[in-house]
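Grab a pencil and work through these exercises with the model open beside you. Each task is followed by a solution in steps.

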Amino acid sequence: MVSNKIDIKLADIDFIRPSIEYAKEIGDYRQEFLDNGDHMDGCGPLRKHENPEEYIEICEQKRNPDTAEVAGGRAEQFLLVRRSDNRLVAMAQYRFGVDPKFCIGYSVRPSERGKGYAKMALQNLLVWLKDKGQVSTSIACEPSNEASKKVILSCGGRLIDTCTYKGIDLMVFEIPIE
């Protein structure tokens, strides 16, 4: 079996906030998830917003502490864009003021999975958190999600608990931020 893992260096990816420049890519990203019947974890309200410009505006409102509550709570949304072709390959989100085990989410475009982008998403988010002064964070995933579990462990995560949320069993990990 041939691996679709490719050698991508962090310098080949931009970790950026959603902007109108990426509206078409955001729309295409959303559609690919819908076409695959897949979850949009770490995408914020993307599933609810068919119009990428509305989604970008909501992300801006969520980012601003003065408007976040009206938009459904404070969060920082990030895009991982491959520089070589300007393609949106992954998203990551940090949610403020929620149960700590649910503050981090990320997703990888279905056609781009298995290439290391999920790990890049989490690593970039950890760097961002370190810059904010955090020394550790929590993250949860379903026990059946082997890919996410592998990413979390590769970023230094260690299993600290299990829980059930909305009828879904979850594993809870703590990740030191170094």
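**Exercise 1.** Is Cys-43 buried or exposed, and how many disulfides does the structure hold?

*Solution.* Start with the accessibility: Cys-43 has 0% relative accessibility, so it counts as buried (buried means under 20% relative accessible area, exposed over 50%, partly exposed in between, with a 1.4 Å probe and protein chains only). Next, look for a partner. The closest cysteine sulfur to that of Cys-43 belongs to Cys-59 and lies 9.3 Å away, too far for a bond; a disulfide is a pair of cysteine sulfur atoms within 2.5 Å. Now try Cys-155: its sulfur is 12 Å from the closest cysteine sulfur, in Cys-141, again too far for a bond. Cys-155 is buried too, at 12% relative accessibility. The final tally is 0 disulfides.

A word on the ground rules: this is a predicted model, where local features need pLDDT of at least 70 and side-chain atom pairs count only at pLDDT 80 or more, while totals for chains, interfaces and linings use all residues. Residues are numbered from 1 along each chain as its sequence is written, and side-chain values use heavy atoms, with hydrogens and water left out.

**Exercise 2.** At what angle do helix 1 and helix 2 pack, and which residues make the contact?

*Solution.* First find the helices: helix 1 covers residues 23-36 and helix 2 covers residues 52-63 (helices are DSSP runs of H or I with at least four residues, strands are runs of E with at least two, numbered from the N terminus). Their axes sit 9 Å apart at an angle of about 100 degrees; axes are lines fitted to C-alpha atoms, for helices over the stretch in contact, and angles run from 0 to 180 degrees between N-to-C directions. That makes the two helices roughly perpendicular (65 to 115 degrees; under 35 is roughly parallel, over 145 roughly antiparallel, the rest oblique). Then list the contact (heavy atoms within 4.5 Å): Ala-23, Ile-26 and Gly-27 from helix 1 meet Pro-52, Glu-53, Tyr-55 and Ile-56 from helix 2.

**Exercise 3.** Which strands pair with strand 3?

*Solution.* Begin with strand 2 (residues 75-82), which pairs with strand 3 in the antiparallel sense over 8 bridges (pairing takes at least two DSSP bridges). Here Leu-80 stands opposite Ala-90. The two strands form a hairpin with 4 residues between them, and Asn-86 in the turn has a positive phi of about 60 degrees. Then move to strand 4 (residues 104-108), joined antiparallel to strand 3 by 5 bridges, with Gln-93 partnered by Gly-105. Lastly, check the cover: 7 of the 9 residues of strand 3 (residues 87-95) are buried.
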